[in-house]
Amino acid sequence: MRVSVDHALCEANGLCVGILPEVFDLDEEEVLLVRDGELAGDEVERGELAVTTCPRRALRVTD
Ligand code: SF4
């Protein structure tokens with residue numbers, strides 16, 4: 001499982017960063033960075049939580 005962000009929807013509130021900091025980060029310009037690559041172990045569950053928590057529905061799960 002991988003996740004991706006639609007930057008047109010993301011409002012950079014950092015909720016996903018708090019849930020899964022290994023994958024999400026905000027750069028100095030408040031743009032969300034998403035680590036490329038497969039989620040492993042408990043990252044999968046927290047990745048799914050991040051997707052459902054995002055108030056802007058900006059995150060997507062990809063294969
Ligand atoms: S939770 Fe959603 S809106 Fe907030 S930073 Fe993450 S992707 Fe962007």
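**Exercise 1.** Decide whether valine 61 is buried, partly exposed or exposed, then place this residue in the fold.

*Solution.* Start with the surface: valine 61 has 43% relative accessibility, so it goes down as partly exposed (buried is under 20% relative accessible area, exposed over 50%, partly exposed in between, with a 1.4 Å probe and protein chains only). A word on the model: it is a predicted one, where local features need pLDDT of at least 70, side-chain atom pairs count only at pLDDT 80 or more, and totals for chains, interfaces and linings use all residues. Residues are numbered from 1 along each chain as its sequence is written, and side-chain values use heavy atoms, leaving out hydrogens and water.

Next, the fold: valine 61 belongs to strand 4 (helices, H or I of at least four residues, and strands, E of at least two, are DSSP runs numbered from the N terminus). Skipping residues up to four places away in sequence, valine 61 touches Met1, Arg2, Val3 and Val51 (contact means heavy atoms within 4.5 Å). Last, look across to valine 5: 56 residues separate it from valine 61 along the chain, yet their C-alpha atoms are 9.1 Å apart.

**Exercise 2.** Follow the contact with valine 51 from the other side, and find what else valine 51 touches.

*Solution.* Valine 51 sits in helix 2. Its relative accessibility is 21%, which means it counts as partly exposed. Beyond four places in sequence, its partners are Val3, Leu59 and Val61. Valine 5 turns up here too: from valine 51 to valine 5 is 46 residues in sequence and 9.5 Å in space, C-alpha to C-alpha.

**Exercise 3.** Now go to strand 1 and work out the surroundings of serine 4.

*Solution.* Strand 1 covers residues 2-5, with serine 4 in it. At a relative accessible area of 29%, serine 4 is partly exposed. Leave out neighbours within four places, and serine 4 contacts Ala58, Leu59, Arg60 and Thr62. Glycine 14 is ten residues from serine 4 in sequence, and their C-alpha atoms are 15 Å apart.

**Exercise 4.** Which class, buried or exposed, does arginine 46 fall into, and what does arginine 46 touch?

*Solution.* Find arginine 46 in helix 2. Its relative accessibility is 19%, so this arginine counts as buried. Its contacts, leaving aside neighbours within four places, are Ile19, Leu20, Pro21 and Glu22.

**Exercise 5.** Take the two residues with positive phi, glutamate 30 and arginine 57, and compare their settings.

*Solution.* Glutamate 30 isn't a glycine, but its phi is positive at about 60 degrees. You'll find glutamate 30 in the loop between strand 2 (24-26) and strand 3 (32-34). With a relative accessible area of 48%, glutamate 30 is partly exposed.

Arginine 57, also a residue other than glycine, has phi near 50 degrees. Its loop runs between helix 2 (43-53) and strand 4 (59-62). Here the relative accessibility is 65%, so arginine 57 counts as exposed.

**Exercise 6.** How many cavities of 30 Å³ or more does the structure have, and where does the ligand sit?

*Solution.* First, count: searching the whole structure gives one cavity of 30 Å³ or more (on a 1 Å grid over the protein atoms alone, a cavity is a set of points where a 1.4 Å probe fits but cannot get out; lining residues have an atom within 4 Å of a point). The largest cavity has a volume of about 100 Å³ (the space filled by probe spheres set on the points, which are joined across faces, edges and corners). It is lined by 13 residues, and Cys10, Asn13, Cys16, Leu32 and Cys54 are the closest to its centre.

Then, the ligand: it takes up the space of the largest cavity (more than half of its atoms lie within 2 Å of the grid points). Around the ligand are Cys10, Glu11, Ala12, Asn13, Gly14, Leu15, Cys16, Leu32, Cys54, Arg56, Ala58 and Leu59 (each with a heavy atom within 4 Å of it).

Finally, sort by class. The ligand's shell has eight nonpolar, two polar and two charged residues, while the cavity lining has ten nonpolar, two polar and one charged (Ala, Val, Leu, Ile, Met, Phe, Trp, Tyr, Cys and Pro count as nonpolar, Asp, Glu, Lys and Arg as charged, and the others, Gly among them, as polar).

Terms used. On a 1 Å grid over the protein atoms alone, a cavity is a set of points where a 1.4 Å probe fits but cannot get out, and a pocket is an open set with protein on both sides within 12 Å along at least five of seven lines; lining residues have an atom within 4 Å of a point.
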